[in-house]
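Reader: I have a new model on my screen and would like to learn how to read it. Could you take me through some features, giving the general idea and then the case here?

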Amino acid sequence: MDLENIKDVSTIASPFTKVVLESFVVPKLKEIFAKLDSKKIQYDDSLEQKFQDYLNSIYEKNAVLNTIAFKHKQVLLNDVYIPLTIKCSENKKEINIDHFKDEIFSYSHKVLITDTAGMGKSTLSRKLVISCIEQNKGIPILIELRRLSKTKTIVDEIIEQLNSINENIDKQFILDLIKKGDFIFFFDGFDEISLSERSFVTIEIQNFINKARKCYFILTSRPEDALSAFGDFQKFNIRPLIPEEAFELIRKYDDSNHISKLLIERIQEKEIFNNIQEYLRTPLLISLLYTAFEHKQSIPFKKHIFYRQVFEALFESHDLSKGDSFEREKYSGLSQDEFHRVLRAFGYFCLKSENKIEFSRDELNLYVQKSIDYCSNIQTETSEFIKDLIVTVPLFTKDGNYFKWSHKSLQEYFAALFVYYDTKERQKEILQHICFHEENDSFLNVIDLYRSIDPLGFDQTITYKFIKDFALHIDLTYKGFEGDEKYIRQVLTFGHDIFLINFPFEPKTEENHPKELFNILRDHIKLKRGASIGINVVSDENTINCIKVPEIRNPYQTLVEFYFNNKYSFVKRQELKELSEKVDLKLTKRKLFKVTDKLNSILNTPENFTKTNNIILLFLARHRFLIIDLNSAFSELEKIEKSIKNTNSDDLTNF
């Protein structure tokens, strides 16, 4: 992590960017300028230099990291990068990303990489950007999607990145350049787009891709329903790290090898390993584990305690260059508990504003001032608190004119704590609002962190309501039906609004989601804000007689998967069999049929009921169907009701 190496990044970059410039940029520039009116704009060699300056800039920006494990000291990405492995959702093929590999685009020039918080999606994008330049694979453009809005398009963002090139170059010039191909676009952080802007940005991405068909695209995000709009992208997930990879990453954080050796020895103790092995699978939690252990040399077993120890490590950190006794004074003059209290309010106000994690200076001032005002009896200056956030308690990073949380999960941690500590009599109301919110898949990490903090309260508030609502759904729906297939249909419709339509897709076409189909859906389905229509594509159209299953997930389905992932006994995995014969429901072509419990529905006739279930499962479950076991759910409900009774009957004065 030599500082001199970081200073020399521009020197390292120059030979690589020169080759990219000569291979891809210069020929396109000369071709475009040859067709332009020479009186309006003339080509000169300085334009090439300005493009190389841009390539140098994007290389330098992505080759150097500010990481929380080093208290936001700058480090070279290659010094701390562990090659991540992505796995194709369809053919299960794995690709180890130690450098840029053409096989990422072997099936499609559009790729979607999704995974949960902290798996390293943004770091992976950065690695691919610099590898793309080093290997002369094309012209990389990294677009952080949270910066797009109704007033800022993709081309606007590209021009902002290229703003030093030439004042006379307009949007059309940029589009003409891009249309010639050889650009590789990295659309990073779809989940970080403001919910109010998401529909616009989704359409903007789709329209931009249609205009730039000769280019390549990688989109990254946490899993969210709205990604169904990109159904024709080749989908990949990041494989969790194995222990050996986790240990290698820990060693990269430690120049002296003393802390890392001690930490790895502790992790390998059987009891500790069994308790924390889940946290060894994600690069973020490994970095938090290292930071927490370096500070206290203890290993917390719960996720939220990781974050608390990391905060304490940052707040109490000594400046080693000034000796062990030196500790930075806080510009804000706040104690650790006071600072933590303001951060809790700040984290929640960000969550309430559609998970906002990046700010202009004016926006940051407003949010911080609002948070300080909320915390009665705390006196400090907004500007001084912001200095602490960036310098002495570096939970924020500065990127040009923007300020952002160093990781979205830190904001979510403080938001979860705010709900637990600071909402008093409104706690249950707020927790239910988050967990049953229409876009609760955007808040999953907050929900998970809250459950880590207050498992009993979570079950008494959320799990209790979830099971009661499911029981009510079972009682009130499909009353005229019998048998196991009835229950399967009830489970499916508890988590989704489902439709069927006979609409053939042309084989091997570029567009797997024809506009005509979506126009039919939009004409007949009223979507709530942030909702999207999902249509999963299957390989054999003829087996299901060209039937599609448009579906809209609701908050209950997100929670079904949450309970399964957190090993609740009442949600179980049920393996599915492939369809053994062709299914024909004799549906009128291009007519939309909603799945309901009406006895006169064509989907509910004796000959079609099971067939309809099988088709829905083929699309929605894809070999894994999560079933809610009613007996186990009622047992869980009894246990929760008993705990509520015990909580309410505790006599705190009986001593």
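Author: Gladly, and let us begin with empty space. The largest cavity holds about 70 Å³. Keep in mind as we go that this is a predicted model.

Reader: How is such empty space found, and how many cavities of 30 Å³ or more does the search find?

Author: Rolling a probe the size of a water molecule over the atoms shows where empty space is left. In this structure, a search of the whole model gives 3 cavities of 30 Å³ or more.

Reader: Which residues line the largest cavity, and how do they divide into nonpolar, polar and charged?

Author: The lining is made up of Val25, Phe51, Tyr54, Leu55, Ile139, Ile141, Ile158, Leu162, Ile174, Leu177, Ile178 and Phe183. By class, that is 12 nonpolar, no polar and no charged residues. Helix 3, strand 6 and helix 7 (171–179) each supply at least two residues of this lining.

Reader: What is the volume of the second largest cavity, and what lines it?

Author: Its volume is about 40 Å³. Around the second largest cavity you will find Cys88, Asn91, Lys93, Ile95, Glu103, Ile104, Ser106, Tyr107, Gln234 and Phe236. This lining has 5 nonpolar, 3 polar and 2 charged residues.

Reader: Let us move on to pockets. How much space lies in the second largest pocket, and which residues lie nearest its centre?

Author: The second largest pocket has about 1,200 Å³ of space. It is lined by 49 residues, and Leu65, Asn66, Thr123, Arg126 and Ser406 lie nearest the centre. The lining divides into 18 nonpolar, 17 polar and 14 charged residues.

Reader: Which element gives the most to that lining?

Author: Helix 5 does, with 5 residues. Elements that each supply at least two residues include helix 3 (45–63), strand 1 (64–66), helix 5 (121–134), strand 11 (396–399) and strand 12 (402–405).

Reader: You mentioned strands. How do strands of a sheet pair?

Author: Strands of a sheet pair through backbone hydrogen bonds, either parallel or antiparallel. In this model, 3 strands form an open sheet in the order 10-12-11, with antiparallel pairing. Strand 10 (358–359) and strand 11 are the edge strands, each pairing on one side only. Strand 11 and strand 12 are joined by 4 bridges. For one bridge to look up on your screen, Asp399 has Tyr402 in strand 12 as its partner.

Reader: Now single side chains. Is Gln52 in helix 3 buried or exposed, and what is it in contact with?

Author: Gln52, which sits in helix 3, counts as buried because its relative accessible area is 6%, and the cut-off for buried is under 20%. A polar atom of its side chain lies 3.2 Å from the backbone oxygen of Ser14. Leaving aside neighbours within four places in sequence, Gln52 is in contact with Ser14, Thr17, Lys18 and Leu21.

Reader: And Lys110, is that residue buried or exposed?

Author: Lys110 is buried as well, with a relative accessible area of 6%. You can find Lys110 in strand 5 (residues 110–114). The side chains of Lys110 and Asp232 are joined by a polar contact of 2.9 Å.

Reader: What should I look for at the ends of a helix, say the N-terminal end of helix 23?

Author: Start with the turn itself: an α-helix has 3.6 residues a turn, so residues three or four places apart point the same way. In helix 23 (residues 555–565), the buried residues are Pro555, Gln557, Thr558, Leu559, Val560, Phe562 and Tyr563. The N-terminal end is capped by Asn554, where a side-chain oxygen lies 2.9 Å from the backbone nitrogen of Tyr556.

Reader: What comes just after helix 23?

Author: Here a general point on the backbone helps. Most residues other than glycine have a negative phi. Just after helix 23, Lys567 takes a positive phi of about 65 degrees, although it is not a glycine. Lys567 lies in the loop between helix 23 and strand 16 (571–575). At 74% relative accessibility, Lys567 counts as exposed.

Reader: Where does Tyr478 lie, and is Tyr478 buried or exposed?

Author: Tyr478 lies in the loop between helix 20 (455–476) and helix 21 (484–495). Its phi is near 50 degrees, again a positive value in a residue other than glycine. Tyr478 is buried, with a relative accessible area of 3%, whereas Lys567 is exposed.

Terms used:
Residues numbered from 1 in each chain as written. Predicted model: local features only at pLDDT ≥ 70, side-chain atom pairs only at ≥ 80, totals over all residues. Heavy atoms only, no water. Buried < 20%, exposed > 50% of the residue type's maximum accessible area, 1.4 Å probe, protein only. Polar contact = N/O pair within 3.5 Å; in protein donor to acceptor, adjacent residues only side chain to side chain. 1 Å grid on protein atoms, 1.4 Å probe; cavity = no way out; pocket = protein on both sides within 12 Å on 5 of 7 lines; lining within 4 Å. Points joined across faces, edges and corners; volume = space filled by probe spheres on them. Nonpolar A, V, L, I, M, F, W, Y, C, P; charged D, E, K, R; others polar. Contact = heavy atoms within 4.5 Å. Pairing = 2+ DSSP bridges.
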